[in-house]
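Subject: Structure for your review

Dear colleague,

Please find the structure below, together with its sequence. A description of what was found in it follows.

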Amino acid sequence: MSSGSGPASDPHLLALLRAIRLRQNAPDAASAGEADTAAALSELSGGKKDDERDDEKTEKKPASPYFPAAGSGSDRGPAARDSGKPPTVQRGSAELLWRGDPGATVGRAGLEARKEPRGKRRDSTVPITGVNPAGPATPVPEIPKLEGIRPIGAPGTEFPGPQYVPRPPAAKPSRPMSPADGMDPADDIALRDTQRLLVTSLTFAGGADEVADRLWHALLQAQPDLLASLPGTPQTQRDQLARALTWLVHHMENPPVLVTGCAQLGAALAECGIQWQQLQLVGAALAEAMRAGTAPGAWRQDFDQAWRWTWQHTYEWIVHGGTLVAYQPTAWDAEVVGHELRRPDLAVLRLRPFLPMPFRAGQYARIEVPGVPGVWRPYSLAVGLDPGIVELHVRAKTETGVSGNLVHHTRTGEHVRIARAEGAMILPAEPGRGVLMIAGDTGVAPMKAMLAELAATADPRTAVLFWGVRDLDELYDIDELTELAHAAPRATVVPVVAEGDPGPYASGLVTDAVAAYGEWTRHEVYLAGPPLMIAATGAALRQLGVASARIHHDPQE
């Protein structure tokens, strides 16, 4: 070694520093400079065996953010089917708790623990040289030029001089570039293979609708409590299963979308009260529903392996999403499937949530529209004659607010977001108590939901709805209300027109019509409409002897 002081006096350290600068300014020459730097350091360390250096220079390929890497002890799913072993999934050390279980029921392990964030390159420092191919973490001081030091690397890769102007990179880099989303190319191939198997087997099994029907009946036998916890009728549940299968197959090759969607499903299921144990048999039931619809001899082992492998990952992402409801509010994306302008300033919108959305008849939820992001406004949730569809009855208060956007600017096919349902204005649990509903203007929406529930459950209790409006033109939904009342065993709708020709209906104030109709002290009373109407009607009911505890309405905002 030279006896001079400082790093610039040592030709071996100088070679190392120049290699670092080379990695920073000319990454294409990394492989060429590595060998020379290793030779320089070998003189300092006394040398190592060639085979040891070769072993230490071997870079370890980072694992995929979504699927286990090859050789990690986990299969890549269907891509590894040649081994003849069923796919396995490595478990992380962190256990997940599913919200809704006060006893702290421990779920299965969540998403596989990772050591670095998704999309971030791991530290691939070469052990023998100490050089990181991605460049040094801190700037390297300028190295003085010394005579007698040979260039590092092959000709054309010398360290650039002070007046160096970088040239455009070569069209084909010397080393493969990592995808922007951090996915390993081998995982892309495995995902496409899996998607091909899922599509082929789903077609052989009769399509998404037939598979969903068999899956629903299998779950009805194996997990009846699971289906009972989900909202909707049996047909709407089967429709949602069919849409879920189609969505899963179509997005199999896009892990970020797949993980996000499964997490949203997990949050929605947790809001429905589903426990993680109830989902454990879904994978086996799904594979059986696929196999049962396939012609004899057409079902293959790789089909079965693809569906079970897919469900293993999907299950983990669903459970992970179910834990998030304890830390962040849940919102449902819904498609606008109907928009009717009933009056110049009033519209009835029909929404279909993409995921199961639990709510009770009479409740309300806050709505966000794309035109006014971040602003949520409460609207009662109505249910009409079409199960699985949520109705909003909206009168525009402004042109540009949430109500104005819903009435004047929202079109069929667009999406809105719905927050968790709120409110305690629901049908009474006591089956013997009658129901009196008094609505004004668009306040008829929650009453319509209650009528729909009475009709759907064939509830034998008496129910009377008084709908007070200013004139006949404001009875914008009278036909469907009348149809729902006819479907319920003992329900009646009484429109009350305050001004003008009442037609075949009662006229005057709605409070007078209520007082003249009968005695209401044994009924649960529900009010909805403008604030002044609610206040006046509540006072009139108390004068008629109705206890305040029996009068229900949502808080006014």
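In what follows, a residue is called buried when its relative accessible area is under 20%. By that criterion, 44% of the 557 residues of the protein are buried. Please note that this is a predicted model.

Confidence in the model

The pLDDT averages 76 over the protein, and 66% of the residues score at least 70. Two stretches call for separate mention. Residues 19–24 stay under a pLDDT of 50, and the model gives them 22 contacts beyond four places in sequence. The pLDDT is also below 50 over residues 43–178, a stretch that has 213 contacts in the model beyond near neighbours in sequence.

Overall make-up

The protein contains 15 helices and 15 strands. Among its contacts with a separation of 6 or more, 73% are between residues 24 or more positions apart.

The seven-stranded sheet

Seven strands form an open sheet with antiparallel pairing, in the order 6-5-9-3-4-8-7. Strand 6 (377–380) and strand 7 (382–383) each have a single partner strand, so they stand at the edges and one side of each is left without a neighbour in the sheet.

Strand 3 pairs with strand 4 (residues 346–353) in the antiparallel sense, over eight bridges. A hairpin of two residues links strand 3 to strand 4. Along this pairing, Leu341 is opposite Ala347 of strand 4, and Glu335 is opposite Arg352 of strand 4.

Strand 4 also pairs with strand 8 (residues 390–395), again in the antiparallel sense, through six bridges. Ala347 faces Val394 of strand 8 there. Ala347 thus has a residue opposite it in each of two pairings: Leu341 and Val394. As for burial, seven of the eight residues of strand 4 are buried, and the strand is mostly covered.

Strand 3 has a further antiparallel pairing, with strand 9, over five bridges. Here Ala331 stands opposite Ala419 of strand 9. Strand 9 in turn runs antiparallel to strand 5 (residues 364–368), to which two bridges join it. Glu368 has Arg417 of strand 9 as its bridge partner.

The largest pocket

The largest pocket has a volume of about 1,200 Å³. Its lining is made up of 44 residues, and those nearest its centre are Ala244, Gly261, Leu265, Phe354 and Leu355. The elements that contribute two or more residues to this lining include six helices from the run of helix 5 (208–222), helix 6 (224–229), helix 7 (234–250), helix 8 (255–271), helix 9 (282–292) and helix 10 (301–323). Strand 3 (331–343) and strand 9 (415–419) likewise give two or more residues each.

Which element supplies the largest share of the lining of the largest pocket? That share, nine residues, comes from helix 8. By residue class, the lining of the largest pocket divides into 30 nonpolar, 10 polar and four charged residues.

Strand 3 and strand 9 therefore deserve a look from both sides of this account, as they pair with each other over five bridges and both contribute to the lining of the largest pocket.

With kind regards

Notes. Residues numbered from 1 in each chain as written. Predicted model: local features only at pLDDT ≥ 70, side-chain atom pairs only at ≥ 80, totals over all residues. Heavy atoms only, no water. 1 Å grid on protein atoms, 1.4 Å probe; cavity = no way out; pocket = protein on both sides within 12 Å on 5 of 7 lines; lining within 4 Å. Points joined across faces, edges and corners; volume = space filled by probe spheres on them. Helix = DSSP H or I, 4+ residues; strand = E, 2+ residues; numbered from the N terminus. Nonpolar A, V, L, I, M, F, W, Y, C, P; charged D, E, K, R; others polar. Pairing = 2+ DSSP bridges. pLDDT = per-residue confidence, 0-100. Contact = heavy atoms within 4.5 Å. Buried < 20%, exposed > 50% of the residue type's maximum accessible area, 1.4 Å probe, protein only.
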